[in-house]
Amino acid sequence: MKTVKDVSEITGVSIRTLRYYDEIGLLKPAELSEAGYRLYDNRAIERLQEIMFFKGLQKILDHTLESVSPKSPEEQIQKHGSIEKYREHLASGFSNGQAFADVFKWYGGKEKVMRAIMQSIGNTEKLKQEQDENAEIYKQFMEAKESGDENAEKEAVKRLAESYKKMFGLDNARNMLLDLANEYLEFPKLAEATDKQIGIGCSEYVA
């Protein structure tokens, strides 16, 4: 059995977050000590690792599946009833059911995916900065679209690639950008959500 502090050190998840997961029923400790402290077994730690994986995976897929979703990963898991059902929901966002394969392709392997996820978890301030930067890049796309400036267009593509590399810990953003383009062209709801946020025609132009 491991204490909250042990689990926090092993996984990098804060003690406060572990307590919150217990309170909402997302991750209950295996048992309580005589003094009332939470104790976790290997099965609980494995479940926590799955939660962390999907928390990071949602961040990665937000740009192609639920870019305007207001729900956190914890709320999504609760909404769908289990991690397994949430996994099915994420995968169903792609018509070919290749969500995980696509992510692994972007990174070049499962280990790189996991490393990127571990680095991204828990930094809400950094995530907001990245989202703000992406919004600025999309505005640059719209300015290039309206002006017909090819140099500004190429610069926006370059900035988006660099932003994705930094945001997701990618060595090369080419595959992610190509898949994003396909998603904009094949999924009208995603394109509509982007156009609503940035401007009419933005998604098609970016694609």
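This passage walks through the overall make-up of a predicted model, then its sheet, and then the surroundings of residue D22.

Taken as a whole, the chain folds up with 12 helices and 3 strands. It has 207 residues, and 40% of them count as buried. As for what shows on the outside, the accessible surface of the chain adds up to about 12100 Å², with carbon and sulfur atoms making up 47% of that. Looking at contacts in the chain with a separation of 6 or more, 57% come from residues 24 or more positions apart.

The strands come together in an open sheet, which has 3 strands in the order β1-β3-β2 and antiparallel pairing. At the edges sit β1 (2-3) and β2 (31-32), each of which pairs on one side only. Strand β3 covers residues 38-40 and runs antiparallel to β2, with 2 bridges joining the two. Within this pairing, L32 is found opposite R38 of β3.

R38 also turns up in the surroundings of D22, a residue of helix α2, which spans residues 15-23. The side chains of D22 and R38 are joined by a polar contact of 2.6 Å. So a residue of helix α2 is linked through its side chain to R38, the residue that stands opposite L32. Leaving aside residues up to four places away in sequence, D22 touches L27, K28, P29 and R38. D22 counts as buried because its relative accessibility is 9%, and the cut-off for buried is under 20%.

Definitions and conventions
Residues numbered from 1 in each chain as written. Predicted model: local features only at pLDDT ≥ 70, side-chain atom pairs only at ≥ 80, totals over all residues. Heavy atoms only, no water. Helix = DSSP H or I, 4+ residues; strand = E, 2+ residues; numbered from the N terminus. Buried < 20%, exposed > 50% of the residue type's maximum accessible area, 1.4 Å probe, protein only. Contact = heavy atoms within 4.5 Å. Areas by Shrake-Rupley, 256 points an atom, 1.4 Å probe, with all protein chains shown as cover. Polar contact = N/O pair within 3.5 Å; in protein donor to acceptor, adjacent residues only side chain to side chain. Pairing = 2+ DSSP bridges.
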